[in-house]
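This report covers the helix packing of one protein chain and a few single residues in it. The sequence and the model come first.

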Amino acid sequence: MPVLFAWCEWIEQTAVATAIREGLWQFPLLETIHLLSMILLVAATAALDLLLLGLAMGLQPVSKLARRLLTPASAAFGLNFVTGSLLFASEATFLYSNPYFLIKIALIIVAVVFHWIVLRIAPKWDEAFPMPAGAKLAACFSLVLWIGVVGTARWIAYVV
């Protein structure tokens, strides 16, 4: 992985990454936006998960709620990607070997692929009552993934 580490060294030395790292307000502002957009993303996905578990939103069709939540969740994910990329650039060599960062990225990839698959299956659950076991299992797995993302994100800073 020497090529990847060399890329991390290069990106960390760019003008943008240096400005974020050394500026007074850039890193905290990006971190705040990153956190707020993560809250929106997790809230939107958790709302759908709670519907699948039968714990919220009554008897709304799954596909209707999924479509309604997809816009804010997608916007939040995009904002998370942009701010996360900028934050990564400012400390790329540290994050390169940070196990919590690597786990977080892996969990995000799994979550995105998983939700892409679930959104294609969700219309089959529109008329289901009670929700099928597969829907409830999907909701539990989604919640575990996003809790894992948030938890590992918090631990990134504590690696020495």
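Met-38, Leu-41, Val-42, Thr-45, Ala-46, Asp-49 and Leu-52 of helix 3 meet Ala-135, Lys-136, Ala-139, Ser-142, Leu-143, Trp-146, Val-149 and Val-150 of helix 7, where contact means heavy atoms within 4.5 Å. The residues of this contact of helix 3 with helix 7 divide into eleven nonpolar, two polar and two charged. In that division Ala, Val, Leu, Ile, Met, Phe, Trp, Tyr, Cys and Pro count as nonpolar, Asp, Glu, Lys and Arg as charged, and the others, Gly among them, as polar.

The axes of helix 3 (residues 26-52) and helix 7 (residues 133-155) come within 8 Å and cross at roughly 160°. Helix 3 is therefore roughly antiparallel to helix 7. Axes are lines fitted to C-alpha atoms, for helices over the stretch in contact, and angles run from 0 to 180 degrees between N-to-C directions. Angles under 35 degrees count as roughly parallel, over 145 as roughly antiparallel, 65 to 115 as roughly perpendicular and the rest as oblique. The crossing of helix 3 and helix 7 is left-handed, a term for a near helix turned anticlockwise from the far one by less than a right angle, with clockwise giving right-handed.

The model is predicted: local features need pLDDT of at least 70 and side-chain atom pairs count only at pLDDT 80 or more, while totals for chains, interfaces and linings use all residues. Residues are numbered from 1 along each chain as its sequence is written, and side-chain values use heavy atoms, with hydrogens and water left out.

The protein has seven helices and zero strands, in the pattern α-α-α-α-α-α-α along the sequence. Helices (H or I, at least four residues) and strands (E, at least two) are DSSP runs, numbered from the N terminus. The C-alpha trace spans about 55 × 30 × 25 Å along its principal axes. Of the 160 residues, 35% count as buried; buried means under 20% relative accessible area, exposed over 50%, and partly exposed in between (1.4 Å probe, protein chains only). Among contacts with a separation of 6 or more, 76% join residues 24 or more positions apart.

A second helix pair is helix 2 with helix 4. Their axes come within 8 Å and cross at roughly 85°, so helix 2 and helix 4 are roughly perpendicular to each other. Val-16, Ala-17, Ile-20 and Arg-21 of helix 2 make the contact with Leu-86, Ala-89 and Ser-90 of helix 4. The residues of this contact divide into five nonpolar, one polar and one charged.

Helix 1 (residues 2-12) has the buried residues Cys-8, Ile-11 and Glu-12. Seen down the axis of helix 1, these fall within an arc of 100°, so they line one face of the helix; the arc is that of the directions from the helix axis to the C-beta atoms. An α-helix has 3.6 residues a turn, so residues three or four places apart point the same way. The buried residues of helix 1 pack against helix 2 (15-22), helix 4 and helix 5 (92-96). Pro-2, Val-3 and Trp-10 are exposed, on the face of helix 1 turned away from its buried side.

Four single residues are worth listing by accessibility.

| Residue | Place | Relative accessibility |
|---|---|---|
| Ser-90 | helix 4 (residues 62-90) | 2%, buried |
| Asn-80 | helix 4 | 7%, buried |
| Ala-122 | loop between helix 6 (99-121) and helix 7 | 3%, buried |
| Asn-98 | loop between helix 5 and helix 6 | 0%, buried |

Leaving aside neighbours within four places in sequence, Ser-90 is in contact with Glu-12, Ala-17, Ile-20, Arg-21 and Phe-27. With the same exclusion, Asn-80 touches His-34, Ser-37 and Met-38, and Asn-98 touches Ile-156 and Val-159.

Three C-alpha to C-alpha distances complete the account. Ala-122 and Leu-52 are 70 residues apart in sequence and 9.4 Å apart in space. Ser-90 and Val-110, 20 residues apart in sequence, are 25 Å apart. Asn-98 and Ser-74, 24 residues apart along the chain, are separated by 27 Å.
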